[in-house]
Structure formats: C-alpha cells, structure tokens
Amino acid sequence: MKKETNAHILGRHIVADPKICHGKPTFRGTRVLVADVLAQVASGMAWESIVEEWNDSITKDAIKEAVDLASKALLKHAKEFAIATKAA
C-alpha cells in the first residue's frame, strides 16, 4: 500500500513537500530551494549559469516557472510587504 504524502504540487517543476527541506518549495526531484534560485535571478545571474551552478538538476523552464509563481504571489500578497502606506 502506498503511503499518502502531503506534498503540494505548485507547478510542473515545483513542489512543497514537508518531507523535503521542511516543506519549503523545491524543484521537483531535487533539494534545490526555489528561494535560492530566485535570489540568483534577482542578483542578475544568467539563467544558463544558474543551471550550471546546480549541475543541470534544474532547467531554464523550471526557473521561468519559479519567476512566474513569484510574480503571481507578489501580486496577490503585495499589501503584506508594504513598508508604509501613503495617504490619498
């Protein structure tokens, strides 16, 4: 009998599994944290270099998915990141 997992499939390439990296989003089949790759993207690192850095365990398509998901999350939760509000 197969054990159930509480993994959350966040996309084709991204999963959050409580049994892997304390449930933080990782690229499927790896222990590469999505947050680490997004930090590399934010620093201006070329996507090809990011793929090489992770020994080809992720792809440019996986990086694109991470960026797209991060963009959607920011749009949905932007108010949570506000450092101040401006009076109208």
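**Figure 1. V51 in helix 2.** In this predicted model, V51 takes its place in helix 2. Its relative accessibility is 12%, so V51 counts as buried. Setting aside residues within four places in sequence, you will find V51 in contact with D56, I58, T59, K60 and I63. One of these partners, I63, lies 12 residues from V51 in sequence, and the two C-alpha atoms are 8.7 Å apart in space.

**Figure 2. The largest nonpolar core.** Zooming out from V51, we meet the largest nonpolar core, which has 11 residues: I14, F27, V32, V34, V37, I50, V51, I58, A62, I63 and A66. At least two residues of this core come from each of helix 1 (34–42), helix 2 (47–53) and helix 3 (60–77). Helix 3 gives the largest share, with 3 residues.

**Figure 3. A62 and its partners.** Here the view centres on A62, a member of the largest nonpolar core. Once neighbours within four places in sequence are left aside, A62 is in contact with H13, I14 and F27. Two of these partners, I14 and F27, are listed in that core too.

**Figure 4. H13 in a loop between two strands.** Where does H13 sit? Look in the loop between strand 1 (8–9) and strand 2 (14–16). Does H13 count as buried or exposed? With a relative accessibility of 17%, H13 falls under the 20% limit and therefore counts as buried. Not counting residues up to four places away in sequence, H13 touches T26, F27 and R28, and also T59, D61, A62 and E65.

**Figure 5. The whole chain, as a setting for the close-ups.** The protein chain has 3 helices and 3 strands, and along the sequence they follow the pattern β-β-β-α-α-α. The C-alpha atoms fill a box of roughly 60 × 35 × 20 Å along the principal axes. For 88 residues, a compact globule would have a radius of gyration near 12 Å, whereas this protein chain has 15 Å. Of the contacts between residues at least 6 apart in sequence, 25% join residues at least 24 apart.

**Figure 6. Surface and charges.** To finish, let us turn to the outside of the model. Of the 88 residues, 23% count as buried. The protein chain exposes about 6900 Å², and carbon and sulfur atoms supply 57% of that area. The chain carries 13 positive and 11 negative charges, and the mean positions of the two sets are 8 Å apart.

Conventions: Residues numbered from 1 in each chain as written. Predicted model: local features only at pLDDT ≥ 70, side-chain atom pairs only at ≥ 80, totals over all residues. Heavy atoms only, no water. Helix = DSSP H or I, 4+ residues; strand = E, 2+ residues; numbered from the N terminus. Rg over C-alpha atoms; globule rule 2.2 N^0.38 Å. Buried < 20%, exposed > 50% of the residue type's maximum accessible area, 1.4 Å probe, protein only. Contact = heavy atoms within 4.5 Å. Areas by Shrake-Rupley, 256 points an atom, 1.4 Å probe, with all protein chains shown as cover. Lys, Arg positive; Asp, Glu negative; His and termini not counted. Charge placed at Lys NZ, Arg CZ, Asp CG, Glu CD. Core = buried A, V, L, I, M, F, W, Y, C linked by side-chain atoms within 4.5 Å.
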